[in-house]
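Colleague: Before I use this model, I should like to understand the terms applied to it. Would you take me through the reasoning behind them?

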Amino acid sequence: MSTNSITITQPDDWHLHLRDGEALKAVAPFTAKQFARAIIMPNLNPPVTTVIRAVEYLDEILAAVDGSDFEPLMTLYLTDNTSPQEIIAARKSCFIKALKLYPAGATTNSDAGVSDLKKCTKTLEEMQKSALPLLIHGEATGSQVDIFDREKVFIDKTLIPLTQQFPDLKIVFEHITTKDAADFVQQSGNNIAATITPQHLLFNRNALFQGGLNPHHYCLPVLKRNSHQQALLNIIRSGSHKFFLGTDSAPHARHKKESACGCAGIFSAHAAIEIYTSIFEQQNALDKLEAFASFNGPDFYGLPRNSKTVTLIKKSWQIPDEYDLGPDKIVPFLAGQTINWSLASTNDT
Ligand code: NCD
Ligand code: ZN
């Protein structure tokens, strides 16, 4: 039997890049139209490392979604120098929901990231005590590590020791891309969860090279081989409560992607919930969509589930070839392709 309409509790996006300035104004309304809340990544240039700076950034986001109920859930960027006092201030702020760990040099604007977790011991102790989650970009750095092995090496060299040292620390292993990461999270305690992006469910590394080099499929962590993609699809079909929606929508202007040294990041906010819905339908797992998109995230963070609902209907539409990004243009995920689900409405219950 085919389903023509589905109504679920309004979803949240647990991993989102909104940028600032003109780009923020251009992309934030896409997310606010679909999601009630989103975890906002702090990798601006310079990064958001203090509560004071996070308040300013929060105000800028709220101005960009003026008139909507969208609630940004802010994060701080962990550095070698983040103090335990900053963690206490973050917890007291109530609007800061997590800290983000970028291993230095791992991805876009990560130069100020952590060079050695040993430098963060006191700060991590305070986070463990405060139950403030650590959101981890789980890739080992260093030119000797093969780019396709970075997630696995990170698990072995960094994540396992970290979880042994801080057994109660809440951790979100972000944008997981491998069977290794999926297995690690499944086998861990309930203080460890993971987000999964649409691109890592829809594609494997062939998509980077299909018909020529495609920079619009380039993100970090990079797409992996088919067996890893299948492992992630198995996870969403399983309905495990440890995995939830995080788009990692990461806008970069067209000219910065289509360049001799193109940026990593895929912009998917324009159609995020529709794309996830199509994926769950293809997997015969539409009954698992609501928990993944709307329950598992807030349950992990200890936040209330949303009270509104959204309705998606089976109605095809074509994703535009590009959108405006302030003075620039941006090529959205699945540009020019037809998608068979549409967001019809958001309703109070
Ligand atoms: C992100 C970005 O552009 O900020 N890029 C990406 O490929 N995902 C950074 C990140 O989350 O790694
Ligand atoms: Zn990201």
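Modeller: The following exchange sets the computed values beside the cut-offs that they are judged by; please note that the model is predicted.

Colleague: Which residues coordinate the zinc ion (ligand 2)?

Modeller: The zinc ion (ligand 2) is coordinated by His15 and His17, each through NE2, and by Asp248 through OD, at 2.0 to 2.1 Å. Donors are counted within 2.8 Å of the metal, and these distances of 2.0 to 2.1 Å meet that limit. Along the chain the donors follow the spacing H-x1-H-x230-D.

Colleague: What makes the arrangement around the zinc ion (ligand 2) irregular?

Modeller: The 4 donor atoms subtend angles of 91 to 145 degrees. A tetrahedral label requires all angles to lie between 85 and 135 degrees. The upper value of 145 degrees falls outside that range, so the tetrahedral label is not met and the arrangement is irregular.

Colleague: Are His15 and His17 buried or exposed?

Modeller: Both His15 and His17 are buried. The term stands for a relative accessible area under 20%.

Colleague: Why is strand E8 described as largely enclosed by the rest of the structure?

Modeller: Strand E8 covers residues 192-196, and 5 of its 5 residues are buried, so the strand is largely enclosed. Ile192, Ala194 and Ile196 point one way, whereas Ala193 and Thr195 point the other way, and all are buried. In a regular strand the side chains alternate between the two faces of the sheet.

Colleague: How do you know that strand E8 pairs with strands E7 and E9?

Modeller: Pairing requires at least two bridges. Strand E7 (residues 171-173) is joined to E8 by 3 bridges, and the two run parallel. Within this pair, Phe173 stands opposite Ala194. The chain passes from E7 through helix H6 (residues 179-187) to E8, in a β-α-β crossover that is right-handed. E8 also pairs with strand E9 (residues 243-245), in the parallel sense and over 3 bridges. There Ile196 stands opposite Leu245. Both pairings therefore satisfy the requirement of at least two bridges.

Colleague: How many cavities are there, and which residues are closest to the centre of the largest?

Modeller: The count comes to 4 cavities of 30 Å³ or more. The largest has a volume of about 110 Å³. It is lined by 16 residues, and the closest to its centre are His17, Thr107, Thr108, Leu220 and Asp248. Of these, His17 and Asp248 also coordinate the zinc ion (ligand 2).

Colleague: Which peptide bonds are cis?

Modeller: One of them joins Asn45 and Pro46, with omega about 0 degrees. Pro46 lies in the loop between strand E3 (37-40) and helix H2 (51-64). The bond from Leu220 to Pro221 is also cis, with omega near -5 degrees. Pro221 belongs to the loop between helix H7 (198-202) and helix H8 (226-238).

Colleague: Why is Ala131 called partly exposed and His175 buried?

Modeller: Buried means under 20% relative accessible area and exposed means over 50%, with partly exposed in between. Ala131 has a value of 46%, so it is partly exposed. His175 has 2%, so it counts as buried. Each has a positive phi in a residue other than glycine: near 55 degrees for Ala131, and near 35 degrees for His175. Ala131 is in the loop between helix H4 (121-130) and strand E6 (134-136), while His175 is found in the loop between E7 and H6.

Methods. Residues are numbered from 1 along each chain as its sequence is written. Chains are lettered from A and ligands numbered from 1 in the order in which they are written. This is a predicted model: local features need pLDDT of at least 70, side-chain atom pairs count only at pLDDT 80 or more; totals for chains, interfaces and linings use all residues. Side-chain values use heavy atoms; hydrogens and water are left out. Donors are N, O and S atoms within 2.8 Å of the metal (3.2 Å for Na, K and Ca); water is not among the atoms, so sites may look incomplete. Four donors count as tetrahedral if all angles lie between 85 and 135 degrees; four count as square planar and six as octahedral if opposite donors are over 155 degrees apart and all others between 65 and 115; anything else is irregular. Buried means under 20% relative accessible area, exposed over 50%, partly exposed in between (1.4 Å probe, protein chains only). Helices (H or I, at least four residues) and strands (E, at least two) are DSSP runs, numbered from the N terminus. A crossover is right-handed if, with the strands pointing away from the viewer, the path from the first strand over the helix to the second runs clockwise. On a 1 Å grid over the protein atoms alone, a cavity is a set of points where a 1.4 Å probe fits but cannot get out, and a pocket is an open set with protein on both sides within 12 Å along at least five of seven lines; lining residues have an atom within 4 Å of a point. Grid points are joined across faces, edges and corners, and a volume is the space filled by probe spheres set on the points.
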